[in-house]
Each structure stands twice: as C-alpha cells, then as structure tokens.
Amino acid sequence: MSNVFGKLTPYNTIIHRLDPRLKFFALIALMVMCFLPYGNYTNRFIVLGVLALIIIVIMAIAKIRISSIFSSLKSLWFMMIFLLIIFLFVQQGVDTSSLHPMIVFPNGYTIYWEGLFQTLHVFLRLVLMICLTLILTSTTAPMDITYALDWYLYPLKLVKFPTQIITMIISLALRFIPTLLDESQKIMKAQKSRGVDYNRGFLAKKIKSVTTLIVPLLVSCFSRSVELSLAMDARGYDPYGKRTSYKVLRFKLRDAISLLIVLLIMALFITACAYSSFYPGADNILNLLFGIGAF
Amino acid sequence: MWQIKTNHLTYVYDKKDPNHYDALSDVSLEIKKGDLVCIVGKTGSGKSTLVQTFNNLISPTSGYCQVENFYITSDKKLKKELLKNQDKSVIEENKHVARLRRKVGLVFQFPEYQLFAETIIKDVMFGPKNFGLKEEEAKEVAKKSLIEVGIPESYFEKSPFELSGGEKRRVAIAGIIASDPDILVLDEPTAGLDPNGKIEIMNLIKRFHEKGRTIIIVTHDMNLVLNFAKTVIVLNDGKLIEVTSPEKLFQSPDIEKYSLEIPTLFKFINLLKNDGFAGNLSEIYDFDTLIKRIYEAKYE
C-alpha cells in the first residue's frame, strides 16, 4: 500500500526523531497560519506559496515522496470542481464593482477572476493541511501522537476530566486506520472479482458500488470493536485507573531549536497578516518588497 | 492442455516504498484444465498473491500470467508484444477484464465478511447482474446456486447477517459460482470452520469439480490436500519449489523444510514404522487402506 495517513515511514530522519509534542504543536500552528487573513489574493498566494515551500523542504528532509500527496488528493477533485462552480456563480450576488471580469457573456452575465482565485485559495489551503497531516503521520508513530495528545490534555485532569479515556479512544482510532485500509482493500478486491468496477460508471453506479464496500466494512468494524473491548476487559482494563507510561517523552536540544524555527515562521506569517490588516489600502507584499503592482 | 500459465511471474508489493518486498519471484508454472490443484506454503510464501494474479486483481510487476487467451501483466510493452500476432478476437477479449473475472471466480478467505445486500438472494444475484445477466436470469442462477450449496429456499429472503458462519460462507461461495466460472479459486475455504463445516464445503467444491471445472485451492490444511488434490504447487518465500502430486509431496523428506504440516495419515504411518510395525506400509494414501493393512498384518 502506498504511503497513506496512519502509516509510518521506516526512516530515522531528524523529523522522525523530533519530540511528538513539538510536531503536534507545529502541525496546529502551521494549519492556523494557513487560515489567517492575508488581504488580497496576491498576498494570500505569496504567503501560501512560502508555506508550501517550507512544507516541501520538511518533506524532503523526512524523505516523504511528493507523489504520496497526489494519492491523498484523488478524492478532492470532485470537491474542487464543485467549489469552482459555486464560487464562479455566487460572486454575482456581491458588489461586483471591485471585481475583475474574466468572461463577459453577450447578455451581460459576467464571470470574475476572483471566483477562480477563491477556488484555488481554498484548494491550496486544503492541500497544505493534507501535507502537514501527512508529515505528522508519516514521521510519528501513532502511540507517540497519543502521548503528545495526553500531554496537551494534562491541564484538563485538574478539573477531573477523564483525559485518559479520550487518549485511549484516539490511540485506538489511529491504531486501526491501517487495519481498516487493509480491510477495505481486501473487500474491494473481493467485490471486484464479483464484477464491481469502482473506477467506471456514473455517479449513481459509483454510489451503489461504494455500498458494497461500506456495508461489509461497517460490519467488520463493529465486530472488531466488540472483540477488542472484550479483550481489553479480559486483560483488566480500567478506564478510570491511574495510568503510567512506558515511554517518557524528553524535550531535547534539537526540539528546542526546532521550536524556535517554528516560532520564527509563525512570527513571519503573523507579520504578513498584520501588514495586510493595518495597511488595507496598501497593495500587496510584492509592492512592499519590490514595488510590483497588485491584483 | 494448460488453462493457466505463468511465465517468470514476479510481484513486488509497495515497489516504490522502502518497505517493498518480493511476494513472488520468477514463478513459471502451468495448471491443466479440469485439474484440482492445491497451493501450499507457509504464511507469506506468496500463495494468495499468486491466485490474485489469475483474475487480474493484481498485475505481475514483471513476467506475465496467461488464462487461456487472456494475458495479465503490468508491463504494457510486453502485453503489446504478446498480443502482436494474435487474432482480432483475442485482442478484443484482452480488453475486457470483466470477462476474465467471470471466467475465474475467486473466493477470498473469510468471504462471509464481503456480504452486503439486504437479502441472501440479492447478494448472490449481485455478481451475475454485474456480469450482464438480466434480473430474472440472475434470480434463476442465484436460486440454483443457493440450492447447490445447500441453502434452503425458506432462507432466500433472510438477511445474510442472520446466518451462522458456515452458512454465510456457503452463501458467499454461491455468490461466485452463480456467475458460472470455468475456474474456481478458493483462498483457504475451510479456515475457521468446524469439522462438519469443512467436510460440507469440500464436498461442495468436489461436486463443482466433477462438472469439469478447474479448482485451485490455497490451503494450510494438509489433510485436505491429501484427500482432495490431484496436483500440489509448493511455494516458499515467493519462489516456486515444485509442482507435484500429494502422494509424492508427503513422502518427500523436504516437507518439513518448507514448514508444511504432515497429514494425520502419514503421522500415524510414521509412528507405526518407528514402533517396528511388521506389515506393508508402502503406497497407503487413505485411512481405509491403512486399516486394511493393519488388519492383514495382525490376522492373516
């Protein structure tokens, strides 16, 4: 199976060795950076382009193949087309005096460049989020992600919130992602040998084909979850019991340096955001740096 | 005359991934039409991977598999080469994978987990309908197949999830034989069944074989191999070790080398030999003959 979410790549790069708490923080921080308001489209695309560059560098260090992103994007094409249609036509309702016309139909109906840019913007943000998640799951063992989550949820323990149950649920969910993927592959193969073609046909046929996958997968999931809970009971699992950890996380020098780099990147993006917010009249970052005009 | 042929077939899982491994390497074999073949080997030897190439669920990384006139390979150049001097009908046939999948019915391990329809009859009709049969025709063949596997008519409108494990498996097998395949491939058909369930399934397979169909069974059960197989294919670490008869295989000293279990009959014969049994213990391939020989040695 190709490199998909939940599957750790067997390398020992510096990204793999970083503290999972730091990687989790970096993931959330960079995702937030994707969603900050950066003003006009030129600014937005420059900022997201810089973020994409940073992500590509991290992926190269972590030895994650860029092609693995494409397999994750397969299901997004439909959404992209849907968004494109919505954004191209919904723009008509807003004040169009500040928009840039792309196509003007003889009846006066106009399609604006902004609709296309809006679609690209949403798509780019989604792609970057997928890449960030891919980096975390490809370089961090599921149990390490759970340890990190448990650490972040620690303050909730002070108000008697059962964080250990939440982390157990998350760790089990993460643990079963590869198993369910394997299971779905097996079911798909079995249904293919009964003549199902998951790749061809119209939407109705595709939806019907997916039923042949979903129903057996759900049956298998429920049966597995019952067996798992029984096995946990049999081994004396107490959800409210005090738990210790086999692995104790230690924050090392490389983690501190990496944290600094993440903070620096955050500062850079927040500055870009502040620039566009405080100087809404200013054209764009390119204008600021090189005196190039805005779109 | 062969019906399935593999030529230097190699299959690598996750080829571009650092975790890649060769599930099959350089496997060349032939399976005769109407044969009952068992594929044996320890876990991870490539048995399931090999049978999945037979109906193009996976395509060989290199080399090819040929099922009658259908060529299966991921190497486009090789496929073009193989189809170069072929008839138009053969070239046309090679464009339709569905036809191959109808010809080669593949029953996966624990097929009961692939049931999905709301009624048993609808689940069995699913395959034939996909292969182009009309609703009424599909219903007819589905009924016939269900009766053939021993599911009573009163069950047809029940949910498949209400059935016992053995019944579910028989329904799943009915779902494949309803498409009337020429070749029936079964991946560990008796795994997880009680002794009676195993006998029922094997008798069902035997009946299908008696109709002239080619049967290929992937199994770890050596008693099943001894009792049912005509030909045995032994795989080890993705390599073809030998294509032989069950009688020859179980008398071979190499059997334990490939982590294959010795059938109960041969274990018993070995115990008798080690115990200094004086009678004739050669060429015994079933318990009836063994009992007869013991009786002869004691009373005649």
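**Close-up views of a predicted two-chain model**

**View 1. Surroundings of Ala174(B) in the predicted model**. Leaving aside residues up to four places away in sequence, Ala174(B) touches Val124(B), Ser145(B), Leu146(B), Glu148(B), Val149(B) and Ile151(B).

**View 2. Nonpolar cores of the model**. The largest nonpolar core has 76 residues, and those that touch the most other members are Val37(B), Ile39(B), Val124(B), Ala174(B), Val185(B) and Ile216(B). Helix 7 (residues 165-177) of chain B contributes the largest share of this core, six residues. Separate from it is a second core of 17 residues, with Leu27(A), Tyr38(A), Leu51(A) and Cys131(A) among them.

**View 3. Helix 9 (residues 163-192) of chain A**. At 1.5 Å a residue, a span of 44 Å is expected for the 30 residues of this helix, and the end C-alpha atoms lie 43 Å apart, which agrees. Helix 9 of chain A nevertheless bends by about 35° at Ile177(A), with a proline, Pro178(A), following within four residues. Thr167(A), Leu174(A), Ile187(A), Ala190(A), Gln191(A) and Lys192(A) are the buried residues of helix 9 of chain A. The buried residues of this helix pack against helix 7 (142-152) and helix 10 (203-234) of chain A.

**View 4. Contact between chain A and chain B**. Chain B provides 22 residues to the contact and chain A provides 21 residues. On the chain B side, helix 4 (97-103) and helix 5 (120-130) each supply at least two residues. Helix 5 of chain B gives the most to this side, with three residues. By type, the residues on the side of chain B that touches chain A are 12 nonpolar, seven polar and three charged.

Conventions. Residues numbered from 1 in each chain as written. Chains lettered and ligands numbered in written order. Predicted model: local features only at pLDDT ≥ 70, side-chain atom pairs only at ≥ 80, totals over all residues. Core = buried A, V, L, I, M, F, W, Y, C linked by C-beta atoms within 7 Å. Buried ≥ 20, exposed ≤ 12 C-beta atoms within 10 Å, placed from the backbone. Contact = placed C-beta atoms within 7 Å. Expected span 1.5 Å × (residues − 1). Bend = angle between axes of the 7 residues up to and from the residue. Nonpolar A, V, L, I, M, F, W, Y, C, P; charged D, E, K, R; others polar.
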